[in-house]
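Dear colleague,

I am passing on the structure we spoke about, together with some notes on what turned up in it. Please look through it alongside the text below.

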Amino acid sequence: MPIIVRIDVELARRKLSVGEFADRVGLTPANVAVLKNGRAKAVRFSTLEAMCRVLDCQPGDLLEWVEEDDRA
């Protein structure tokens with residue numbers, strides 16, 4: 001998948017647990033895990049906004065696009 005989710009990096013920088021983050025954002029820890037592991041198919045802007053507010057960051061700090069390797 002060419003979109004890399006970097007929530008774990010931002011959580012580690014802030015020493016914030018998944019449970020505490022999930023509570024502050026209004027998600028279940030299971031849904032945070034889906035996002036963290038890159039298994040989510042979509043993210044609502046309202047959820048992205050809440051994550052950025054809690055982590056005091058920009059969307060680009062949480063999501064990164066990388067080009068897929070066409071040689072596979």
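Arg-13 and Glu-10 both belong to helix 1, where they sit three residues apart, or about one turn of the helix. In this model, which is a predicted one, the two form a salt bridge whose closest N and O atoms are 3.1 Å apart. An α-helix has 3.6 residues a turn, so residues three or four places apart point the same way. The two partners differ in their surroundings, since Arg-13 is exposed at a relative accessible area of 62%, whereas Glu-10 is buried at 4%.

A similar arrangement is found in helix 2 (residues 18–25), in which Glu-20 and Arg-24 are four residues apart, again about one turn of the helix. Their salt bridge brings the closest N and O atoms to 2.5 Å, and here Glu-20 counts as partly exposed at 35% relative accessibility, while Arg-24 is partly exposed as well, with a relative accessible area of 47%. Salt bridges that share partners also join Glu-10, Arg-13 and Arg-14 into one network.

Which residue forms a salt bridge with Glu-64? The partner is Arg-6, and the closest N and O atoms of this pair are 2.4 Å apart. Arg-6 lies in the loop between strand 1 (3–5) and helix 1 (7–13) and Glu-64 lies in strand 2 (residues 63–65), so this salt bridge ties together parts that are 58 residues apart in sequence. Arg-6 is partly exposed, at 32% relative accessibility, and Glu-64 is likewise partly exposed, at 32%. In total, the model has four salt bridges.

Turning to the interior, the buried residues of helix 4 (residues 45–55) are Thr-47, Leu-48, Ala-50, Met-51, Cys-52 and Leu-55. They are covered by elements that include helix 1, helix 2, helix 3 (29–36), helix 5 (59–62) and strand 2. Just after helix 4, Asp-56 takes a positive phi of about 50 degrees.

Leu-62, which is found in helix 5, is worth picking out on the display. Is Leu-62 buried or exposed? With a relative accessibility of 1%, Leu-62 counts as buried because the cut-off for that class is under 20%. Leaving aside residues up to four places away in sequence, Leu-62 touches Ile-4, Val-5, Arg-6, Ile-7, Glu-10, Leu-48, Met-51, Cys-52, Leu-55 and Cys-57; among them are Arg-6 and Glu-10, each of which takes part in a salt bridge described above, and Leu-48, Met-51, Cys-52 and Leu-55, which are buried residues of helix 4. The C-alpha atoms of Leu-62 and Gly-38, which are 24 residues apart along the chain, are separated by 11 Å.

There is also a pocket to consider. The largest pocket holds about 150 Å³ of space, and of the twelve residues that line it, Ile-3, Val-5, Ala-42, Val-43 and Leu-63 lie nearest its centre. Strand 1 and helix 4 are the elements that give two or more residues to this lining, which by class is made up of ten nonpolar, one polar and one charged residues.

Finally, the UniProt record, an unreviewed entry, carries the annotation "domain: HTH cro/C1-type" over residues 13–62. Over residues 13–62 the chain of the model is 64% helix and 0% strand, with the end C-alpha atoms 12 Å apart.

With best wishes

How values were computed: Residues are numbered from 1 along each chain as its sequence is written. This is a predicted model: local features need pLDDT of at least 70, side-chain atom pairs count only at pLDDT 80 or more; totals for chains, interfaces and linings use all residues. Side-chain values use heavy atoms; hydrogens and water are left out. A salt bridge is a side-chain nitrogen of Lys or Arg within 4 Å of a carboxyl oxygen of Asp or Glu. Buried means under 20% relative accessible area, exposed over 50%, partly exposed in between (1.4 Å probe, protein chains only). UniProt positions are given in the numbering used here, feature names are shortened, and annotations may be inferred rather than shown by experiment. Contact means heavy atoms within 4.5 Å. On a 1 Å grid over the protein atoms alone, a cavity is a set of points where a 1.4 Å probe fits but cannot get out, and a pocket is an open set with protein on both sides within 12 Å along at least five of seven lines; lining residues have an atom within 4 Å of a point. Grid points are joined across faces, edges and corners, and a volume is the space filled by probe spheres set on the points. Ala, Val, Leu, Ile, Met, Phe, Trp, Tyr, Cys and Pro count as nonpolar, Asp, Glu, Lys and Arg as charged, and the others, Gly among them, as polar.
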